[in-house]
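Work through the following exercises with the sequence and the model side by side. Try each task before reading its solution.

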Amino acid sequence: MNKLEKLKNYYVFNDDCFEVLKKIPDNSIDLILTDPPYNISQYSTGNMKFDWRADRNNDLAEWDLVPLQPQSLVNEFKRILSPKGNIFVFCSYNIIGEYHKVFDPEFDTFQFMVWHKTNPVPNFRKSSFLNSCELIISCWNKGHTWNFTNQNEMHNFVESGICMGKERIKTQDGKYLHPTQKPVSILKKIIKIASNENDVVLDCFCGVGSTGVAALESNRRFIGVEIEKTYYDATIKRLEECKKGEK
């Protein structure tokens, strides 16, 4: 990875992102679009039991139990970002303050988007609000890429359903492979706003590769990092299918 200029379409590492980030050249990434763990498993109440339907799994995954500090990302993100680059990071209410504290002093602008999920997981007991919104922090410096054509496109509010149907990657027994797979439509919207064709998009927590699919379908190049082998394998399969579709 000494010469990112030679990157044709994509490269995905099955490795620890904190090790891979150290190897990425300075100022070489045009868009960082990633979805790190939210660390919300600590608030889980476990499985919810019902008499009239199957239990609902209220947990995420073991990897969400490992604390992630935004401080551990900011220096490398700042180093590898190109002068025209942007950063978009999915996060949750419990950690957005930490992102603001460490990212805001390092960039000219710190803002956020709200993704409204039109089909959130139901709250059968009506004990609280539906979890129908996710936050996406966004950072940039002067001279960043920004592809808006009119004011209506500039709202920091995007809307879609959660990833369902044929798009959702499943295991052989029909279960969801990744608990928080993002819809490609939302990722493509961000990619088209915040990068140009042939730019390099990085997702260092790439899960099952949705950002990579969105990047390739938008004629961008992609670098992904995923430590979980099952997710990595799913990513490679999806990106190979994208590549075949281009021919």
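The exercises below go from the confidence of the model to its sheet, and then to single residues.

This is a predicted model, in which local features need pLDDT of at least 70, side-chain atom pairs count only at pLDDT 80 or more, and totals for chains, interfaces and linings use all residues. Residues are numbered from 1 along each chain as its sequence is written, and side-chain values use heavy atoms, with hydrogens and water left out.

**Exercise 1. Describe the confidence of the model.**

Step 1. Start with the scale: pLDDT is the predictor's confidence in each residue, from 0 to 100.
Step 2. The average pLDDT of the chain is 87, and 85% of the residues score at least 70.
Step 3. Over residues 52-56, pLDDT stays under 50. For this stretch the model has 10 contacts (heavy atoms within 4.5 Å) beyond four places in sequence.

**Exercise 2. Lay out the sheet and the helices that pack on it.**

Step 1. Helices (H or I, at least four residues) and strands (E, at least two) are DSSP runs, numbered from the N terminus. Two strands pair if DSSP finds at least two bridges between them.
Step 2. Eight strands form an open sheet in the order β1-β8-β7-β2-β3-β5-β4-β6, and the pairing is mixed.
Step 3. The edges are β1 (10-13) and β6 (157-160); each has a single partner strand, so one side of each is left without a neighbour in the sheet.
Step 4. On average, neighbouring strands of this sheet are turned by 15° against each other, direction ignored. Axes are lines fitted to C-alpha atoms, for helices over the stretch in contact, and angles run from 0 to 180 degrees between N-to-C directions.
Step 5. Strand β3 (residues 81-91) pairs with β5 in the antiparallel sense over six bridges. I87 has C139 in β5 as its bridge partner.
Step 6. Helix α2 (residues 71-80) packs on the sheet and touches β2, β3 and β7; its direction makes about 145° with that of β3. Helix α4 also packs on the sheet, touching β2, β3, β4 (109-117), β5 and β6, and its direction makes about 155° with that of β2.

**Exercise 3. Is E134 buried or exposed, and which residues does E134 touch?**

Step 1. Locate the residue: E134 is in strand β5 (residues 133-140).
Step 2. Apply the cut-offs: buried means under 20% relative accessible area, exposed over 50%, partly exposed in between (1.4 Å probe, protein chains only). E134 counts as buried because its relative accessibility is 12%.
Step 3. Leaving out residues up to four places away in sequence, E134 touches Y38, F90, C91, M113, V114, W115, K117 and K182.
Step 4. The side chains of E134 and K117 make a polar contact at 3.1 Å. A polar contact is a pair of N or O atoms within 3.5 Å; within protein, one must be able to donate a hydrogen and the other to accept it, and residues adjacent in sequence count only if both atoms are side-chain atoms.

**Exercise 4. Why does C17 form no disulfide with C204?**

Step 1. A disulfide is a covalent bond between the sulfur atoms of two cysteines. The cut-off used here is a pair of cysteine sulfur atoms within 2.5 Å.
Step 2. The closest cysteine sulfur to that of C17 is in C204, 4.8 Å away, which is too far for a bond.
Step 3. The structure as a whole holds zero disulfides.
Step 4. C17 is buried, at 6% relative accessibility.
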